[in-house]
Amino acid sequence: MIRFVLNVLWLVFGGGIVLAVGYGIAALICFVLVITIPFGVASLRLAVYSLWPFGRTLVPKPGAGIGSGLANILWVVLAGWWLALSHILAGIALCVTIIGIPFGIANFKLVPAAFWPLGRDVVDVP
């Protein structure tokens, strides 16, 4: 029940909707440019994860190989570093206020996903 309440508050006050829309637009752009479809799939994964982050975590995908590692390097150079930096800065800003600490922690959880998204799955925490 606490996870549900935190997720609803995240959607309204923590910027979950804005993040999901931003990642969704990035995914659509990646799908239009056919060669970047894997990055579009990663952006959709980030959109879903940023929409409902409490009670979920990232795990390595069992079948991920060298291709996802090389694509992640390209992702880091083009988009990952500034996405991760923006989540870090938002997390610090939210942790300054006592009521924003859970939302800051949620932003810190999104840093690895934004920095290195390919070859990972978002799963529910038991």
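Let's start with helix α5, which covers residues 101-115 of this predicted model. How far apart should the ends of a helix of 15 residues be? At 1.5 Å a residue, counting one step less than the number of residues, the expected span is 21 Å. The end C-alpha atoms of α5 turn out to be 22 Å apart, so the model agrees with the expectation.

Now look at which parts of α5 are hidden. Phe103, Gly104, Ala106, Asn107, Leu110, Val111, Ala113 and Ala114 are buried. If you read those numbers along the helix, a bit of general background helps. An α-helix has 3.6 residues a turn, so residues three or four places apart point the same way. And what do the buried residues of α5 pack against? Their partners are the helices α1 (2-13), α2 (16-32), α3 and α4 (66-95), along with the strands β1 (56-60) and β2.

One of those buried residues, Ala113, leads us to the next stop, because a lining residue is one with an atom within 4 Å of a cavity point, and Ala113 is on the list for the largest cavity. The structure holds 1 cavity of 30 Å³ or more, and the volume of the largest cavity is about 40 Å³. Around it you'll find Ala42, Arg45, Leu46, Tyr49, Leu58, Ala113, Pro117, Arg120 and Val122. Two elements, α3 (37-51) and β2 (120-124), each give two or more residues to this lining, and α3 gives the most, with 4 residues. What sort of residues are they, by class? The lining has 7 nonpolar and 2 charged residues, and no polar ones.

Let's pick out Arg45, a lining residue that sits in helix α3. Is Arg45 buried or exposed? The cut-off for buried is under 20% relative accessible area, and Arg45 has 17%, so it counts as buried. Leaving aside neighbours within four places in sequence, Arg45 is in contact with Lys61, Pro117, Leu118, Arg120, Asp121 and Val122. Among these, Pro117, Arg120 and Val122 also line the largest cavity. For a sense of distance, try Val12: it is 33 residues from Arg45 along the chain, and their C-alpha atoms are separated by 20 Å.

Helix α3 has another residue to visit, Ser43. With a relative accessible area of 2%, Ser43 is buried. Which residues does Ser43 touch, once neighbours within four places in sequence are set aside? Ser43 is in contact with Tyr23, Ala26, Ala27 and Trp75.

How values were computed:
Residues numbered from 1 in each chain as written. Predicted model: local features only at pLDDT ≥ 70, side-chain atom pairs only at ≥ 80, totals over all residues. Heavy atoms only, no water. 1 Å grid on protein atoms, 1.4 Å probe; cavity = no way out; pocket = protein on both sides within 12 Å on 5 of 7 lines; lining within 4 Å. Points joined across faces, edges and corners; volume = space filled by probe spheres on them. Nonpolar A, V, L, I, M, F, W, Y, C, P; charged D, E, K, R; others polar. Buried < 20%, exposed > 50% of the residue type's maximum accessible area, 1.4 Å probe, protein only. Contact = heavy atoms within 4.5 Å.
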